[in-house]
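Let's take a walk through this protein together, starting with the whole and then stopping at two places along the chain. Have the structure open as you read.

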Amino acid sequence: MTDLLDHELLAWLMGDWQENGESVCVIQGFSGVGKSRIAMEVARNATVPNAFVAVSPGMAESDEILLDIAAGLEQGGLPAMANEPDLRAGFAAAMKQSCLVVVDDFDVLLDPESRLPDPWLAEFIKQIGRSPLTRGRLLLVSSISLDGDAPWLENARIRQVAKPSVSDAVGYLGMLLADEGLQAEIQPPQRADVVRWLGYNGRAMRILVSCLKDDPLEDLIGLDQASWDMRDQATSPQLIKRLERQFLHRILDRLDPDSGTLLEMLSVYRRPFQKEAIDNLRRLVTNVEVSRERLRSRFILTRNRKWYSLNPVAREILRAQLRGSPKQELAAHSRAADFYVRHFRARSGATLKFAPQFVEARYHLLKSERTREFDEVAHAFRSMVLSAYRSSAKVPEDPGRIEELTATLMAALAEETKVQAPVRIFLAKLLLARGGRDDDRIALQQLTIASRATRDLWAWRTRIQLAGRLEGAAAVEAALMQGVDAVPPAMAYQLYHAAGKALMALGDQARALRLMDKGRSSLPAGNKYGIYSFTAFVLCTAGRQVDALRLLRDGYREIAGVENSERLIEQAIFIAFGRHDPTELDENRKTIMAVNSPLVTEQLLLCEVIRRQILNDFASAAELAQSNPRTHALISQAAFAWLCEREPRRAAEILAQAELPPNKSTFWLRGMVALCTDDDERARKEFSRCLDKPLPDDAETDDRLWLRIWDDIPKAPDKYPAFYFPWLPRALTGLPFDLHRSPDSMPVAELMEEYEIELPLVAPSPPENDGKGTQPGTQQPSLILTVNANAAGGPYMTSNYNNYGLVGAMGENASSHNNTFAGSIAAPGMLAELIKELVALRDAMREQAANAEQDVAVAEVSQAVELLRQGDQEGAQSRLARAGGWALQVATGIGTALAASTLQHVAGM
């Protein structure tokens with residue numbers, strides 16, 4: 001037995017598969033069982049042009065693999081791929097001719113979680129597998145088991161590398177022992193146990209035999225006695241790798257200095273290398289030939305014809321050691337760079353023959369900090385580089401890879417006169433992912449050039465956003481106008497949206513509104529939803545909620561029946577909810593009935609559910625929402641209303657059966673329900689999703705995290721919790737007042753630190769009414785901390801009746817009854833602001849007073865101001881109550897919202 005290869009599989013691959021088999025074949029099995037050797041034999045004996053590509057963890061970009069494939073096929077006499085400017089298209093063209101492409105360690109290209117390749121590669125494999133025009137063969141070698149039922153492998157043949165028989169494995173072990181003169185170290189009766197212990201893995205057997213040169217078998221078994229005791233059970237690849245690592249540590253610790261140096265310098269190579277790479281280290285090693293053969297005798301360095309490679313586990317160990325010695329690591333990469341750069345010195349043009357060497361030269365030059373030399377190489381070979389990356393879209397996660405690719409494309413595009421839009425767009429993505437100094441400015445330059453010849457939506461949107469950040473409002477508008485002419489008409493609204501966000505970030509509401517108006521007048525009805533919605537957001541941030549509501553209703557009437565049009569009226573409903581404004585809810589109802597869309601029943605139900613919540617009739621609101629749970633909004637409001645009714649179990653039952661959209665509002669609601677039903681693990685998970693990051697270690701003791709998440713309103717339109725749930729009634733929190741949050745209001749979480757909050761936990765029995773609790777049909781005091789904000793905030797939530805005090809109702813024609821405020825008319829910290837607004841109100845009333853009754857009202861407001869300054873809030877409340885409806889009318893007219901809401905409150909309106 002000279003090897004442990006699966007000879008039946010090898011014969012099939014070299015014969016029937018290539019002649020009559022499927023276009024795509026996957027061979028899979030544990031690391032070390034001979035898959036790569038089988039694949040090499042298939043490629044070596046192929047009678048058609050072929051390319052063998054070995055993927056390593058450091059070069060896991062599918063587009064770079066195309067360079068290797070193109071180079072291999074061109075050298076084999078098939079230039080179709082190399083001649084195509086787009087290597088992906090060239091690969092497809094090549095597979096229509098007789099050829100063989102082998103990708104070893106293909107699993108490195110897969111996403112670790114989904115086990116899927118890049119989308120383009122998955123689709124490519126799927127298409128060549130089903131196309132009758134495919135004449136080539138693609139062999140993929142994987143160390144992990146792939147899902148044969150996955151759509152991208154639906155027409156592929158998957159073969160498992162067969163485990164050798166016990167007799168074959170014992171024979172192979174005996175051969176290894178005999179070759180080293182170590183037969184006595186493992187007696188024949190014990191060899192079957194040893195091969196079972198090592199999982200029949202040929203590479204592990206070779207390393208074990210190498211260890212036996214220095215240590216008896218008993219000592220090696222003692223490294224992992226537990227695995228030896230379980231040798232008769234199925235062996236996992238993880239266990240085999242662990243054993244191999246333990247064996248290799250013993251070997252590496254006993255290497256002579258020259259062999260250790262040679263091995264360390266070679267460990268930075270990502271690909272199999274030729275003898276010249278070893279000879280390149282003669283100055284560092286006394287006798288390269290002797291050290292090389294010592295490593296081969298230890299099975300650490302293997303040779304396959306003219307190619308050498310290191311044992312992959314040994315390479316992992318050595319690379320980890322090098323990372324602890326930066327100077328040695330730098331020197332190793334520099335030596336490897338010298339080996340690869342020699343191919344390009346004195347060359348004036350690119351050729352795909354040296355594409356793999358270019359990729360490795362780049363890697364090692366950048367790792368050894370020889371960036372200027374790399375720039376020269378990359379610039380000289382820019383045609384090859386631009387061809388390789390013209391179809392790239394996926395930005396790698398590894399910062400080192402981002403740095404490599406950024407440097408590559410920057411050098412290749414220097415002095416490039418053609419637009420090269422796809423490459424420049426990819427470079428912009430890399431720059432923004434890198435996030436270095438001036439990277440955003442360089443990205444904008446690249447996108448400005450690329451946009452001359454592209455309809456790519458991401459490129460135009462990002463150009464507009466960067467223009468706003470770096471060049472100002474005029475640049476945003478100019479980029480928008482150019483983009484609208486370039487992108488598909490159906491996508492133009494997305495550019496208006498991007499421009500609006502950029503202008504709001506600059507605080508230029510007027511220009512944002514003007515551009516939105518232009519979009520509404522120029523875009524077809526089918527593309528106006530986003531424009532109407534965003535315009536309403538801008539109006540709300542400017543304190544013009546009534547205008548926003550009218551616009552949304554007008555928009556709904558205009559584009560009724562268009563996709564997403566129903567969201568406009570839903571947006572209007574939640575703005576009215578935030579205002580606690582039954583009058584606006586009624587206007588929304590009228591519009592709903594006039595339009596009469598297929599969702600008219602659900603829309604009217606939502607209005608009524610919101611109205612009942614405004615009146616604190618939460619049980620009725622929840623039951624009504626549950627009666628027709630066809631929309632996400634009704635389902636969410638039903639669950640929230642049950643929470644407010646202190647019935648979290650009923651809220652949990654609703655959510656358990658619901659499929660809600662995955663946004664921050666949904667996560668927050670689910671987290672709240674989990675928190676109130678004593679499911680802390682689920683609550684932690686949902687709140688983590690709200691933050692889009694793992695919770696900090698102290699989150700378990702943070703009993704106000706839910707409040708801070710609700711309190712956080714983004715500076716751009718988003719589905720944040722306080723949009724759908726703008727009020728946290730005291731029935732939910734146990735506070736003596738309701739909490740309200742909107743884009744123009746101050747955060748409340750910090751102000752609540754001194755208050756005790758009691759959320760409903762695990763559905764306690766409803767308390768008997770003692771005359772002090774919440775009654776359906778009544779509104780309660782509310783803490784509403786609002787500032788005059790004109791900057792961009794969250795969507796659709798600002799009120800014309802911004803309240804700073806404890807109020808019972810807000811909005812035109814809103815009403816409140818049976819409120820108890822204990823003589824307080826100003827929330828904590830808001831007294832000075834209330835006095836300021838009452839002074840402004842008094843002055844305005846003096847100018848407008850036209851009769852004796854109005855003069856008396858002026859006097860009452862003036863007295864109220866003095867009493868507030870003296871700290872007598874109860875006396876001031878009495879004075880303001882006598883100021884009358886005219887005072888409220890003037891306060892509303894001059895925009896003193898705090899004074900207006902306070903007058904409403906004291907008058908019991």
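Let's begin at the outside. The accessible surface of the protein is about 38,900 Å², and carbon and sulfur atoms account for 47% of that area. Keep in mind as you look around that this is a predicted model.

Now for the inside. The protein has 909 residues, and 54% of them count as buried. Its secondary structure consists of 44 helices and eleven strands. How much of the contact total comes from residues 24 or more positions apart? Taking the contacts in the protein with a separation of 6 or more, such pairs make up 69%.

Our next stop is back on the surface, where a patch of negative charge brings together Asp-703, Glu-750, Glu-753, Glu-754, Glu-756 and Glu-758. Pick out Glu-758 from this group: you will find Glu-758 in the loop that runs between strand S9 (738–740) and strand S10 (782–783). Is Glu-758 buried or exposed? Glu-758 counts as exposed because its relative accessibility is 51%, and the cut-off for that class is over 50%.

For a second loop, turn to Ser-131, which sits between helix H5 (119–130) and strand S4 (137–142). With a relative accessible area of 26%, Ser-131 is partly exposed, since this class covers the range between buried, under 20%, and exposed, over 50%. From Ser-131, look across to Lys-96: the two residues are 35 residues apart along the chain, and their C-alpha atoms are separated by 9.3 Å.

Conventions:
Residues are numbered from 1 along each chain as its sequence is written. This is a predicted model: local features need pLDDT of at least 70, side-chain atom pairs count only at pLDDT 80 or more; totals for chains, interfaces and linings use all residues. Side-chain values use heavy atoms; hydrogens and water are left out. Helices (H or I, at least four residues) and strands (E, at least two) are DSSP runs, numbered from the N terminus. Buried means under 20% relative accessible area, exposed over 50%, partly exposed in between (1.4 Å probe, protein chains only). Contact means heavy atoms within 4.5 Å. Accessible areas come from the Shrake-Rupley method with a 1.4 Å probe; for residues, only the protein chains shown count as cover. Patches are made of residues with over 30% relative accessible area and no salt bridge: like charges are joined within 9 Å, nonpolar side chains (Val, Leu, Ile, Met, Phe, Trp, Tyr) within 5 Å. A salt bridge is a side-chain nitrogen of Lys or Arg within 4 Å of a carboxyl oxygen of Asp or Glu. Lys and Arg count as positive and Asp and Glu as negative; His and the chain ends are not counted. The place of a charge is taken as NZ of Lys, CZ of Arg, CG of Asp or CD of Glu.
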